[in-house]
Amino acid sequence: MLDRDYKEIENNLVEWIQEKVNKAGCQGAVIGLSGGIDSSVTSLLCQKAFPNNTLGLIMPCQSSPEDRIDAIKHAEKFNIKYKEINLSQPYQQFLETINNSDSEINLEKAINGQRQLQDAQENFKLALANMKPRLRMTLLYFYANLNNYLVVGTDNRSELKLGYFTKFGDGGIDIAPLGNLVKLEVRGLAREMGIDQKIITKAPSAGLWDGQSDEDEIGLSYREIDYYIVDGEAEAETAARIEQISSANSHKLELPAIPDF
Ligand SMILES: Nc1ncnc2c1ncn2[C@@H]1O[C@H](COP(=O)(O)OP(=O)(O)OC[C@H]2O[C@@H]([n+]3cccc(C(=O)O)c3)[C@H](O)[C@@H]2O)[C@@H](O)[C@H]1O
Ligand SMILES: Nc1ncnc2c1ncn2[C@@H]1O[C@H](COP(=O)(O)OP(=O)(O)OP(=O)(O)O)[C@@H](O)[C@H]1O
Ligand SMILES: [Mg+2]
């Protein structure tokens, strides 16, 4: 699986992005830059496809300062135009508005700047966390509208199979160039493209709360997930778990249900 011609994949994806953007009658691409591997690879592909019309947006939202630095370094290393727009305050204001308007919920902990939501009730934690990618999506579309660009998503095949993304958040995109590559293949492509080693080796994280890790939250390693997706190889229990998660989240890749009567 890992033994693929990544140079050829890179060239094909650059061409594919050009085709999709041109076919849409658009001029370029806007991408959220997180300092993680998926957005680093995607932004570099876009930069190669549209050297003068690629925009990276760094959007901290009570997130890791180190990831922000990694994103800036990546953009500067590859000469990717970027803007930084900090969403921590608007996010905070959303929470305060909910808190002041809805007497049934108490968001005091979150409002007091407590980034650690680990202790919160699961529903509460996800409801708060998922607002962050949805705010980012709003800004990405602002810049897409403004510049006649497409919003280029970073979702890979592993995340799409599991539905491991926020509906209408990081899943709210126009095209997904990495959508046919599993995470381990994205790493192969990143090495081929000269992405920083630090970005390639950092633990995948949605960065929605302190210490979040994809593999911990999913309860499976990308090695297990990817070998199952690509080769069908997995312990029976692992395979069943992947299919169960995938099926529960399949609605995220479908259009809203409409009555057929
Ligand atoms: N059967 C169904 N048919 C139609 N709609 C259905 C549905 N079941 C739920 N829904 C709707 O979907 C909502 C749940 O979906 P959603 O809001 O996405 O929320 P949910 O899937 O619970 O949470 C998002 C997950 O993605 C992870 N994530 C997010 C962002 C980035 C990354 C990353 O890898 O970087 C990972 C995050 O850590 C979390 O585990 C429900 O509240 C409901 O509105
Ligand atoms: N702080 C941020 N600023 C801008 N965009 C962000 C930020 N955090 C997340 N995103 C966007 O959301 C996408 C989904 O996050 P995700 O964590 O899956 O990808 P990643 O960070 O690029 O790679 P990894 O999965 O290895 O952490 C990112 O690729 C990026 O486009
Ligand atoms: Mg990340």
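In UniProt, annotations may be inferred rather than shown by experiment. Keep that in mind as you walk through this structure, which is a predicted model.

**Stop 1: the annotated pair**

Select Asp 38 and Glu 159. An unreviewed UniProt entry gives these two the feature "binding site". Although they are spread over 122 residues of sequence, they cluster in space, with a largest C-alpha distance of 10.8 Å.

Zoom in on Asp 38, which belongs to helix α2. Is Asp 38 buried or exposed? A residue counts as buried if 20 or more other C-beta atoms lie within 10 Å of its own. Asp 38 has 23 of them, so it is buried. Now show what touches Asp 38: leaving aside residues up to four places away in sequence, you'll find Thr 154, Asn 156, Leu 178 and Val 186.

Hop over to Glu 159, which is in helix α7, residues 157–162. Glu 159 has 27 other C-beta atoms within 10 Å, so it is buried. Its contacts, again without residues up to four places away in sequence, are Tyr 164 and Phe 165.

**Stop 2: ligand 2**

Next, select ligand 2 and show what surrounds it. Of 21 residues there, the ones that come nearest are Gly 32, Gly 36, Asp 38, Ser 39 and Thr 154. You have already met Asp 38, which carries the "binding site" feature in the UniProt entry, and Thr 154, one of the residues Asp 38 touches.

Colour the chain by element and look at who contributes: β1, α2, β2 (54–58) and α6 each supply at least two residues to this shell. Which element has the largest share? That is α2, with three residues. If you colour by class instead, the shell around ligand 2 shows 10 nonpolar, eight polar and three charged residues.

**Stop 3: ligand 1**

Move on to ligand 1, which has 15 residues around it. The closest are Thr 166, Lys 167, Asp 170, Ala 206 and His 251. Two elements give two or more residues to this shell, α6 (122–147) and α10 (214–218). Of these, α6 gives the most, three residues. By class, expect six nonpolar, four polar and five charged residues around ligand 1.

**Stop 4: helix α1**

Finally, select residues 6–23, helix α1. You can try a quick check on this helix: at 1.5 Å a residue, its 18 residues should span 26 Å, and the end C-alpha atoms are 25 Å apart, which agrees.

Show the side chains of Leu 13, Ile 17 and Val 21, which are buried. Turn the view to look down the axis of α1: the buried residues fall within an arc of 60 degrees, so they line one face of the helix. What do they pack against? Their partners are β1 (28–32), α2 (37–49) and β4 (149–151).

Now spin to the other side of α1, where the exposed residues include Lys 7, Glu 8, Asn 11 and Glu 15. Stop at Asn 22, also part of α1. Asn 22 has 12 other C-beta atoms within 10 Å, so it is exposed. Add Leu 150 to your selection: it is 128 residues from Asn 22 along the chain, with 9.9 Å separating their C-alpha atoms.

One last click: Gly 25 follows α1, and its phi is positive, near 75 degrees.

Note on methods: Residues are numbered from 1 along each chain as its sequence is written. Chains are lettered from A and ligands numbered from 1 in the order in which they are written. This is a predicted model: local features need pLDDT of at least 70, side-chain atom pairs count only at pLDDT 80 or more; totals for chains, interfaces and linings use all residues. Helices (H or I, at least four residues) and strands (E, at least two) are DSSP runs, numbered from the N terminus. The expected span of a helix is 1.5 Å times one less than its number of residues. The arc is that of the directions from the helix axis to the C-beta atoms. Two residues are in contact if their C-beta atoms, placed from the backbone, lie within 7 Å. A residue is near a molecule or strand if its C-beta atom, placed from the backbone, lies within 6 Å of it. Ala, Val, Leu, Ile, Met, Phe, Trp, Tyr, Cys and Pro count as nonpolar, Asp, Glu, Lys and Arg as charged, and the others, Gly among them, as polar.
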